[in-house]
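Biologist: Before the labels assigned to this protein are accepted, may we examine the grounds for them?

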Amino acid sequence: MLIAGFPAGAWGTNCYLVAPAAGEECVIIDPGHEAAEGVEETLKKHRLKPVAVVLTHGHLDHVASVVPVCGAHDVPAWIHPDDRYMMSDPEKALGRSIGMPLLGDLTIGEPDDVRELIDGSGLKLAGMEFTVAHAPGHTKGSVTFRLPENSDIPPVFFSGDLLFAGSIGRTDLPGGDHAEILESLARVCLPLDDSTVVLSGHGPQTTIGRERATNPFLREVAAGLGDGGTAAPRRGM
C-alpha cells in the first residue's frame, strides 16, 4: 500500500494520494486550496494514475482544487450530498462575513462528474475498498474513509476534520453542531481498533489508541460525559 500526503494551501490541509503500490491507479483525497501542483508532483514521483477524487467534506480548504484536478485527469469527484452545494457556493458554507480575498484566483464550481457518497457503503476504487461513514458535526455532510488492515499496513482511517491528533473539528461554522460531532466520535471512532492509523485533514498522523488515551474530547465521549472537553484548540476551516 502506498499513501503519500502533503499539507497544502493557507490552512495546511492534508491531501492524500492512496494506491495499492507505486506505478498503479490511485485515489486522491481532499485536494484543497493550492493542492493541484502538489498532486501533480506526487503523481509523477510515484508514477500514479488517478481514477477518482474523494472528499471528506465540502469546505473550501478541502475542495478548492477539485475542478482543476478532476479536469486534468477526467475523473469523478465523490462527496456526501449534504455538502455538495459547498463546491458551488463556498461563501455560504463558511459564513458570508469571511469573504474570499485571501484565497486568490480560484476555480469555483463542480467538476463535470460528481457522484454522491452513501453512509456505510464500500467504495471500490483503484483495486481498494474504502468504507464510508457519515460523520456530521463539523459539517452536515462530513464523512470518513477507512481501509482495512492488510499485510503491509494496519487499518487506516481518513478522518477529515472529525478527529485530529489531540483535538476535533470546529463546529462554529454554518452546518456545524457540537452535539452531532460528539455523536459521530462515539459512533465512528470509538469502535475502531487501537492500532488504526488516523490520517486527518490537518496536522500529524496519530492512532486511535493514542487518541483514546489522550484526546480530551474522545476521552470524555468514551466516558459518557457528553460535553467532549474544552481544553484542546480546534483545527481546520
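Biologist: Why does R170 count as partly exposed?

Modeller: The model is a predicted one, and its labels rest on computed values. R170 has a relative accessibility of 26%. Partly exposed covers the range between the buried limit of under 20% and the exposed limit of over 50%, so R170 is partly exposed at 26%.

Biologist: What makes the contact of R170 with D172 a salt bridge?

Modeller: The closest N and O atoms of R170 and D172 are 2.7 Å apart. The cut-off for a salt bridge is 4 Å, so the pair at 2.7 Å qualifies. D172 is classed as exposed, because its relative accessibility is 55% and the limit is over 50%.

Biologist: How many salt bridges does the structure hold, and what links E110 with R84?

Modeller: The structure holds seven salt bridges. One of them joins E110 to R84, with the closest N and O atoms 2.7 Å apart. This pair connects distant parts of the chain, 26 residues apart: E110 lies in the loop between α4 and β6, and R84 in the loop between β5 and α4. R84 and E110 also belong to a network of salt bridges that includes E116.

Biologist: Why are E110 and R84 called partly exposed?

Modeller: E110 has a relative accessibility of 32%, and R84 has a relative accessible area of 25%. Buried requires under 20% and exposed over 50%, so E110 is partly exposed, and R84 is partly exposed as well.

Biologist: Which residue forms a salt bridge with K140, and where in the chain do the partners lie?

Modeller: The partner of K140 is E180, the closest N and O atoms being 3.1 Å apart. K140 sits in the loop between β8 and β9, whereas E180 is in helix α5, 40 residues apart. K140 is partly exposed at a relative accessible area of 35%, and E180 is partly exposed at 25%.

Biologist: How do you know that the span of α5 agrees with what is expected of a helix?

Modeller: At 1.5 Å a residue, the 12 residues of α5 should span 16 Å, and the end C-alpha atoms are 16 Å apart, so the two values agree. At the start of α5, a side-chain oxygen of D177 comes to within 3.0 Å of the backbone nitrogen of A179.

Biologist: Which residues of α5 are buried, and how do you know that they lie on the same side?

Modeller: The buried residues are I181, L182, S184, L185, V188 and C189. They cover an arc of only 160 degrees around the axis, which places them on the same side of α5.

Biologist: What makes β9 mostly covered, and which strands pair with β9?

Modeller: Four of the five residues of β9 are buried. β8 and β9 run antiparallel and are joined by four bridges, V132 having F145 in β9 as its bridge partner. β9 also pairs with β10 in the antiparallel sense over three bridges, and L147 stands opposite V156 in β10.

Biologist: How many disulfides does the structure have, and why is C15 not bonded to C26?

Modeller: A search of the whole structure finds zero disulfides. The closest cysteine sulfur to that of C15 is in C26, at 9.5 Å; a disulfide requires sulfur atoms within 2.5 Å, so the two are too far apart for a bond.

Biologist: Are C15 and C26 buried or exposed?

Modeller: C15 has a relative accessibility of 0% and C26 a relative accessible area of 0%. The buried limit is under 20%, so C15 is buried, and C26 is buried too.

Terms used. Residues are numbered from 1 along each chain as its sequence is written. This is a predicted model: local features need pLDDT of at least 70, side-chain atom pairs count only at pLDDT 80 or more; totals for chains, interfaces and linings use all residues. Side-chain values use heavy atoms; hydrogens and water are left out. Helices (H or I, at least four residues) and strands (E, at least two) are DSSP runs, numbered from the N terminus. The expected span of a helix is 1.5 Å times one less than its number of residues. Buried means under 20% relative accessible area, exposed over 50%, partly exposed in between (1.4 Å probe, protein chains only). The arc is that of the directions from the helix axis to the C-beta atoms. A polar contact is a pair of N or O atoms within 3.5 Å; within protein, one must be able to donate a hydrogen and the other to accept it, and residues adjacent in sequence count only if both atoms are side-chain atoms. A salt bridge is a side-chain nitrogen of Lys or Arg within 4 Å of a carboxyl oxygen of Asp or Glu. Two strands pair if DSSP finds at least two bridges between them.
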